[in-house]
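Colleague: Hi! Could you walk me through this model, starting with the charged side chains?

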Amino acid sequence: MSRLRRFSLFTLMIGIELCLLVSAVGWLLSATPSRTPLSANPDLTPLVDEIRGRMSGEIIDPLIEVKPGITIRVSNIRGFRYAGSIYYYYIEGAPNYDPLSRGIIRPDQVEIVLRETSGTQTIVLYRVH
């Protein structure tokens, strides 16, 4: 094999490897989130206060009957608006009627914002992408 042919084959192989590498980097960059998740926000206390206020009745959140004898807060079904976004929540270990618990949306469609464990009940707060 002549020296020129070996150089051409080597150049071709390097070119193919570079194409594969650039493709892999492009795929990884496209798989990253396009925005910073809200969970990076360090102060979520106002959201926790919103939920606790709704659950305690401190914030007006009417009750709705979902099944005979079962009433829940409207915000548990429809969520609540805070700072321009709609948030949903559920209480771990309890019957819940939020969209995620009912299977209306998939787990990959939500962004978990907070898992609050400081109270007597664990509350998970999320929003839909």
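Modeller: Happy to! A salt bridge here is a side-chain nitrogen of Lys or Arg within 4 Å of a carboxyl oxygen of Asp or Glu. Keep in mind that this is a predicted model.

Colleague: Got it. How many salt bridges does that rule give?

Modeller: The count comes to six salt bridges. One of them joins Asp61 and Arg54, whose closest N and O atoms are 3.9 Å apart.

Colleague: Is Asp61 buried or exposed?

Modeller: Asp61 is buried, because its relative accessible area is 6% and buried means under 20%. Arg54 is buried as well, with a relative accessible area of 12%.

Colleague: Which other side chain meets Arg54 in a salt bridge?

Modeller: That would be Glu50, with 3.2 Å from N to O. Glu50 and Arg54 both sit in helix H2, four residues apart, which is about one turn of the helix.

Colleague: Cool. What about Glu111, which side chain does it meet in a salt bridge?

Modeller: Glu111 pairs with Arg127, at 3.0 Å from N to O. Arg127 belongs to strand S6 and Glu111 to strand S5, so this pair ties together parts that are 16 residues apart in sequence. Arg127 counts as buried at 14% relative accessibility, and Glu111 counts as buried at 7%.

Colleague: And which residues do salt bridges with shared partners join into one network?

Modeller: Glu50, Arg54 and Asp61 are joined that way.

Colleague: New topic: you mentioned strands. What is the order of the strands in the sheet?

Modeller: The order is S3-S4-S6-S5, in an open sheet of four strands with antiparallel pairing. Strands S3 (80–82) and S5 (110–116) stand at the edges with a single partner strand each, so one side of each has no neighbour in the sheet. From one strand to the next, the twist averages 35°.

Colleague: How many bridges pair S4 with S6?

Modeller: Four bridges, linking S4 (residues 85–91) and S6 (residues 123–128) in the antiparallel sense. Tyr89, for instance, has Leu125 in S6 as its bridge partner.

Colleague: Where does helix H2 lie?

Modeller: Helix H2 (residues 45–56) lies across S3, S4, S5 and S6, and runs at about 150° to S3.

Colleague: Last one: which residues make the nonpolar surface patch?

Modeller: Phe10, Ile14, Leu18, Leu21, Val25 and Leu29 make a patch of about 580 Å². Leu21 is in helix H1 (residues 3–31). Leu21 is exposed, with a relative accessible area of 51%.

Methods. Residues are numbered from 1 along each chain as its sequence is written. This is a predicted model: local features need pLDDT of at least 70, side-chain atom pairs count only at pLDDT 80 or more; totals for chains, interfaces and linings use all residues. Side-chain values use heavy atoms; hydrogens and water are left out. Two strands pair if DSSP finds at least two bridges between them. Helices (H or I, at least four residues) and strands (E, at least two) are DSSP runs, numbered from the N terminus. Axes are lines fitted to C-alpha atoms, for helices over the stretch in contact, and angles run from 0 to 180 degrees between N-to-C directions. Contact means heavy atoms within 4.5 Å. Patches are made of residues with over 30% relative accessible area and no salt bridge: like charges are joined within 9 Å, nonpolar side chains (Val, Leu, Ile, Met, Phe, Trp, Tyr) within 5 Å. Accessible areas come from the Shrake-Rupley method with a 1.4 Å probe; for residues, only the protein chains shown count as cover. Buried means under 20% relative accessible area, exposed over 50%, partly exposed in between (1.4 Å probe, protein chains only).
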